[in-house]
Amino acid sequence: EHATYAVYGNSTGTISVSSVVLRNNNYGINAITTNAISVSDCQFQDNSYGIKITGGSIDLASTSFTGNTTYGFYSTGVAPGLLDANMVFTDNATAFRVDGVAGPNLMSTALSTRMTAGTSPWVRTTPSAGRVWRTAGR
């Protein structure tokens with residue numbers, strides 16, 4: 001808690017994080033050009049960024065993102081591996097953003113944001129224009 005990075009990797013091999021709560025940090029996980037990241041059964045609460053990842057790939061399973069003030073999940077140029085249906089995004093400024101790859105399938109993911117000042121109930125993906133989904137409730 002209260003760290004700049006709870007988990008940080010830069011040009012590393014594999015990062016695996018399982019069954020932990022990452023709370024009140026600037027970044028729950030910040031990974032730059034890592035080979036692969038595996039996150040399962042984790043909770044990202046009240047960070048600025050729950051997960052911010054650039055490059056590499058990610059498997060993300062059974063994980064929740066709650067109250068993160070910038071993004072729950074933000075990636076640039078990341079190949080999504082496993083993005084399972086047991087992810088929950090609640091009350092994040094922006095729940096999920098993916099840049100530089102085709103949008104992932106979020107059809108079974110719970111996305112919930114209360115409409116409060118400064119809260120954006122959006123999931124964003126680029127580069128495809130028009131691939132922005134508004135999430136209303138679950």
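## A walk through a strand-rich model

Serine 57 sits in strand β8, where strands (E, at least two residues) and helices (H or I, at least four) are DSSP runs numbered from the N terminus. The model is predicted, so local features need pLDDT of at least 70, side-chain atom pairs count only at pLDDT 80 or more, and totals for chains, interfaces and linings use all residues. Residues are numbered from 1 along each chain as its sequence is written, and side-chain values use heavy atoms, with hydrogens and water left out.

Let us stay with serine 57 for a moment. At 26% relative accessibility, serine 57 is partly exposed; that class lies between buried (under 20% relative accessible area) and exposed (over 50%), using a 1.4 Å probe and protein chains only. Its C-alpha atom is 7.8 Å from that of threonine 34, although 23 residues separate the two along the chain. Threonine 34 is also one of the contacts of serine 57 once neighbours within four places in sequence are set aside, along with Asn35, Ala36, Ile37, Val78 and Ala79. Contact here means heavy atoms within 4.5 Å.

Now to the core. The largest nonpolar core holds 24 residues, and Ile29, Ile51, Leu60 and Phe73 have the most contacts inside it. At least two residues of this core come from each of β2 (14–18), β4, β5 (36–40), β7, β8 (57–61) and β13. Such a core is a set of buried Ala, Val, Leu, Ile, Met, Phe, Trp, Tyr and Cys residues joined through side-chain atoms within 4.5 Å. In soluble globular proteins, nonpolar side chains tend to be buried together. Beyond four places in sequence, isoleucine 29 touches Val7, Val17, Leu22, Val39, Phe44, Gly50, Ile51 and Lys52.

Strand β10 (residues 71–76) is a good next stop, with five of its six residues buried. β10 pairs in the parallel sense with strand β7 (residues 49–54) over five bridges, and also in the parallel sense with strand β13 (residues 96–99) over four bridges. Two strands count as paired if DSSP finds at least two bridges between them. Threonine 76 of β10 stands opposite threonine 54 and opposite aspartate 99 in β13.

Aspartate 99 leads us to the charged pairs. The model has two salt bridges, each a side-chain nitrogen of Lys or Arg within 4 Å of a carboxyl oxygen of Asp or Glu.

| Salt bridge | N to O distance |
|---|---|
| Arginine 23 – glutamate 1 | 3.9 Å |
| Arginine 97 – aspartate 99 | 3.1 Å |

The pair of arginine 23 and glutamate 1 links distant parts of the chain, 22 residues apart: arginine 23 is in strand β3, and glutamate 1 is in the segment before β1 (5–10). Arginine 23 is partly exposed at 30% relative accessibility, while glutamate 1 is exposed at 60%. In the other pair, aspartate 99 is buried at 10% and arginine 97 is partly exposed at 21%.

One last residue to visit is asparagine 25, in the loop between β3 (21–23) and β4 (27–32). Is asparagine 25 buried or exposed? With a relative accessible area of 5%, asparagine 25 is buried. Its side chain reaches the backbone nitrogen of histidine 2 at 3.2 Å, a polar contact (a pair of N or O atoms within 3.5 Å; within protein, one must be able to donate a hydrogen and the other to accept it, and residues adjacent in sequence count only if both atoms are side-chain atoms). Not counting residues up to four places away, asparagine 25 touches Glu1, His2, Ala3, Ala6, Asp46, Asn47 and Ser48.
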